Amino acid sequence: MQRVDLFPTHEYKGLKLRAGRPYPFGAMVFGNMVNFSVYSRYATDCTLVLFHKHEEKPFVEIPFFKEFRMGNVFSMIIFDLDYEDIEYGYRMDGPFQPEEGHRFDKSKILLDPYAKLIAGRDVWGQLPNWDKIYQYRARVVFDDFDWENDMPLETPVNDLVVYEMHVRNFTCGKGANVKHPGTFAGIVEKIPYLKELGINCVELMPIHEFDEFENSRISPVDGRQLCNLWGYSNVGFFAPKAAYASSGRFGMQVDELKNLVKKLHTNGIEVILDVVFNHTAEGNENGPYISYRGIDNKTYYMLTPEGYYFNFSGCGNTLNCNNPNVRDMIVESLRYWVTDYHIDGFRFDLAAILGRDQNGNPMSNPPLLESLAHDPILGKTKLIAEAWDAGGLYQVGSFPSWGRWAEWNGKFRDSMRRFLKSDEQVLADVKERIIGSPDLYASQKRGIKASVNFITAHDGFTLMDLVSYNNKHNEANGENNCDGENLNNSWNCGFEGECNDPDINHLRHQQIKNAISLLMVSQGIPMVLSGDEIGNSQQGNNNAYCQDNEIAWLDWNNLEKNADIFRFFRRMILFRRLHKVLRYEDHLSHSDFRNLGYPDFSWHGVRAWQPETGHNNLTVAFMLNGLYAETDGEADDFIYVAINMHWEMHGFELPMLPQGKVWHVFTNTGMNAPEDIFEPGQEPVIDNQHEVLVGPRSIIILVGK
Amino acid sequence: MTTDIYKLGEELDSFNYQEEQDGILAILEKGQSVILDMTACKYVSSTGLRVLLYSKKVAATKGLKMYLVGISEEVRDIMNVTGFDSFFDSFSTMEECLKAIEN
């Protein structure tokens with residue numbers, strides 16, 4: 001049976017056309033046809049502009065005939081287009097009335113907001129020709145990748161160990177030893193390393209197309225070129241960053257990224273994308289026309305009554321997330337990344353913005369967040385909110401979740417950092433963080449799985465810098481050290497910056513081991529910042545968003561130099577993954593509700609069963625009862641953790657184990673390597689079963705089996 | 001089962017894919033497996049990669065084989081980073097390929 005609608009109805013300058021399908025938006029291939037569809041509520045006219053690949057001037061501009069419009073959508077089909085050789089854009093006509101929210105300008109050629117492949121910044125750092133009329137150029141994508149049996153892994157969220165990483169920082173530095181540094185292919189080459197480390201989820205900092213040359217400048221301090229390295233500035237929500245693909249110069253970034261996801265999945269590693277739906281790269285009223293501003297300014301942006309841009313993102317504009325059309329675009333984008341790229345989850349940058357209405361006011365039941373929580377395609381996708389924004393909205397613990405959303409637990413970071421540097425007054429808070437922050441998440445029944453715990457992330461100090469600097473050192477960013485967070489809760493262990501003092505360096509390593517121990521034995525989803533496992537430093541720069549150089553890049557020589565740190569991380573991660581008792585999904589009961597002889601969780605102190613309660617205390621211990629955490633009918637071990645953040649040694653009385661079990665030592669961060677940590681499963685029995693001495697600023701972890 | 005050789009030109013992309021695709025399919029249609037001689041080929045585009053994989057899949061449905069011979073380093077790299085390499089049996093030289101088929 002042949003279809004009757006496969007024939008052109010119009011011809012324009014030699015091209016055969018017919019009315020398109022308004023939905024789905026974007027460009028899509030059907031047989032020998034390409035369907036182009038774009039909506040604009042306020043545009044009066046639209047032209048499709050076609051270029052041959054890389055050419056400066058278009059070879060044809062096709063008006064959308066009257067019969068090619070439906071509602072507010074312009075769509076047309078072109079027959080027999082060699083779409084591998086095509087780049088396309090739109091001209092939109094309409095009013096230029098900023099006070100009404102309209103900024104149409106038909107002299108501009110605009111990127112399709114639904115473009116799935118974007119050319120123009122194909123090779124990282126290659127200086128663009130700014131005179132070109134069309135900078136970020138939409139192309140038609142091949143979407144027929146062969147996934148074989150791959151699907152998103154659907155790892156239980158409480159089993160994740162997340163590794164937050166940046167495509168360039170990960171493999172551009174010294175000693176990375178990969179064929180394609182700074183690319184998706186480069187990450188593939190490092191999969192054996194990630195496996196060895198033991199993480200089972202990578203969270204990629206933004207990989208949507210952005211322009212590294214946005215706001216590029218020369219550092220007044222060292223004369224180096226500064227650029228947008230991190231990429232929290234979207235050009236397109238559907239297209240991967242071309243220059244993150246070694247094959248980006250051939251337009252093959254889609255296949256290269258899909259291959260990365262497939263290979264990670266084969267190795268049991270999930271992929272979470274850091275997505276930035278709070279603003280775009282178009283800036284404020286002085287910014288460039290890339291797409292949205294010229295396609296439908298009033299739809300895409302939150303505008304003040306005078307027509308200026310609200311700036312809740314701190315980046316010049318705010319995406320109008322709860323406009324129904326923008327909401328649809330965001331949902332569509334996320335569905336696309338899940339269906340076409342098999343992405344396992346998303347971390348939403350400045351997610352509090354997604355809950356603001358079109359006037360910028362926080363809503364109690366934001367429709368966008370509700371849609372995402374209930375979306376069928378995203379039904380098993382991890383949704384993680386950075387639950388604050390630059391407009392002062394802070395929603396850690398109160399982010400609207402519908403039982404689906406997890407949060408970056410900023411309070412975990414702050415409390416643990418303070419405790420690590422022996423701040424008094426913080427113990428009560430630390431105890432909440434250790435047990436999965438029930439003070440934040442229990443009342444809404446969100447469970448432990450709502451809490452993504454971290455001590456370091458891309459924003460702020462690396463872990464090595466957290467123990468090496470009291471203050472940020474961002475001079476190289478060219479803003480007189482005014483950028484970046486001031487309140488770091490860091491402690492330099494006695495000297496500001498790198499030093500040769502063996503005692504100080506020893507203490508720094510010990511503090512790093514304390515930090516990763518706290519992270520891995522706390523209930524919740526632990527997230528590690530890439531490079532912390534080898535003691536990566538940014539020389540005190542706590543905001544290296546613009547440092548595309550060795551400041552931000554991982555120095556792989558540290559793997560050998562800080563071998564004890566890597567070894568500690570690897571074993572600590574493995575320990576967590578072997579012990580279900582560390583990975584509860586829901587909050588603990590602190591009682592022996594199944595009559596197993598011990599409560600599921602109990603607090604202790606320097607005296608067993610008598611936890612310190614005073615605000616000025618720096619010692620705490622806890623025990624997890626493995627009988628409450630079975631895997632296939634087999635009970636886990638008992639785990640006891642003694643934490644001494646005091647600068648003096650303390651003896652901790654041990655709780656008695658059930659008959660037949662004895663305490664084994666897994667970790668003592670006060671000991672030198674190799675006695676600091678043992679291979680999980682091969683922990684030695686300790687001589688004294690009644691008491692352990694926990695050195696100054698040390699953590700001891702015991703296994704009862 | 002017999003085998004025939006098909007020789008690719010310098011490039012395999014949207015400008016010539018139809019001709020090359022037809023050439024490969026013609027061999028498969030005859031019930032013969034294909035050895036694709038890529039010695040001269042310096043560039044394979046997204047379209048080109050799909051010609052290769054499509055041909056391989058057509059061959060499989062007919063119980064036939066497709067082998068790649070003499071892949072240049074540039075092309076091998078493209079196939080590697082996009083993951084297309086994993087679908088093919090490839091050989092550096094025709095001799096190696098023929099020997100492998102014999103065995």
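This is a short talk on the cores, cysteines, aromatic pairs and backbone oddities of the structure above.

Hi everyone, and thanks for coming. One thing up front: this is a predicted model.

Let's start inside. The largest nonpolar core has 207 residues, and the members that touch the most others are A:Leu50, A:Tyr163, A:Phe346 and A:Phe348. At least three of its residues come from domain 1 (157-581) of chain A, and at least three from domain 2 (589-704) of that chain. Chain B shows up in a second, separate core of 29 residues, with B:Tyr6, B:Val34, B:Met38 and B:Val75 among them. As background, nonpolar side chains in soluble globular proteins tend to be buried together.

Please find A:Phe348 on your screens. Setting aside residues up to four places away in sequence, A:Phe348 touches, among others, A:Val275, A:Phe277, A:Leu334, A:Leu354 and A:Trp405. There is a charged residue in that list too, A:Glu386.

Now the cysteines. How many disulfides does the structure hold over all chains? The count is 0. Take B:Cys41: the nearest cysteine sulfur belongs to B:Cys97 and is 16 Å away. The reverse holds as well, with B:Cys41 supplying the nearest cysteine sulfur to B:Cys97, at 16 Å. A disulfide needs the two sulfur atoms within 2.5 Å, so a gap of 16 Å rules this pair out. Both residues are buried, B:Cys41 with a relative accessible area of 1% and B:Cys97 with 0%.

On to the aromatics, where a search of the whole structure gives 53 pairs over all chains. I picked two. In the first, the ring centres of A:Phe170 and A:Tyr193 are 6.5 Å apart and the planes meet at 50 degrees, so the pair counts as tilted. A:Phe170 belongs to helix α1 and A:Tyr193 to helix α3, so the pair ties together parts 23 residues apart in sequence. Buried or exposed, you may ask, for A:Phe170? Buried, at 0% relative accessibility, and A:Tyr193 is buried too, at 8%.

My second pick is A:Trp603 with A:Phe622, an edge-to-face pair with 5.9 Å between centres and 80 degrees between planes. Here the link runs from strand β24 to strand β25, so parts 19 residues apart in sequence are tied together. Both A:Trp603 and A:Phe622 are buried.

Rings also meet charges. The charged end of A:Lys241 sits over the ring of A:Phe210, 4.8 Å from its centre, and that of A:Lys258 sits over A:Tyr341 at 5.1 Å.

One more phenylalanine: A:Phe419, in helix α8, is buried at 0% relative accessibility. Beyond its sequence neighbours, its contacts include A:Val426, A:Leu427, A:Asn617, A:Val620 and A:Met645.

Finally, the backbone. Most residues other than glycine have a negative phi, and most peptide bonds are trans. Which peptide bonds are cis here? One runs from A:Tyr23 to A:Pro24, with omega near 0 degrees, and A:Pro24 lies in the loop between β2 and β3. Another joins A:Ala673 and A:Pro674, with omega about 5 degrees; A:Pro674 is in the loop between β30 and β31.

As for positive phi, A:Cys493 is near 65 degrees and A:His590 near 60 degrees. A:Cys493 sits in the loop between α11 and α12 and is buried, at 6%. A:His590 is in the loop between α14 and β24 and is partly exposed, at 34%.

That's my tour, and I'm happy to take questions.

Methods: Residues are numbered from 1 along each chain as its sequence is written. Chains are lettered from A and ligands numbered from 1 in the order in which they are written. This is a predicted model: local features need pLDDT of at least 70, side-chain atom pairs count only at pLDDT 80 or more; totals for chains, interfaces and linings use all residues. Side-chain values use heavy atoms; hydrogens and water are left out. A nonpolar core is a set of buried Ala, Val, Leu, Ile, Met, Phe, Trp, Tyr and Cys residues joined through side-chain atoms within 4.5 Å. Buried means under 20% relative accessible area, exposed over 50%, partly exposed in between (1.4 Å probe, protein chains only). Domain bounds come from an automatic or database domain assignment. Contact means heavy atoms within 4.5 Å. Rings of Phe, Tyr and Trp (its six-membered ring) pair if their centres lie within 6.5 Å; planes under 30 degrees apart count as stacked, over 60 as edge-to-face and the rest as tilted. Helices (H or I, at least four residues) and strands (E, at least two) are DSSP runs, numbered from the N terminus. A charge sits over a ring if NZ of Lys or CZ of Arg is within 6 Å of the ring centre and within 35 degrees of the ring normal.
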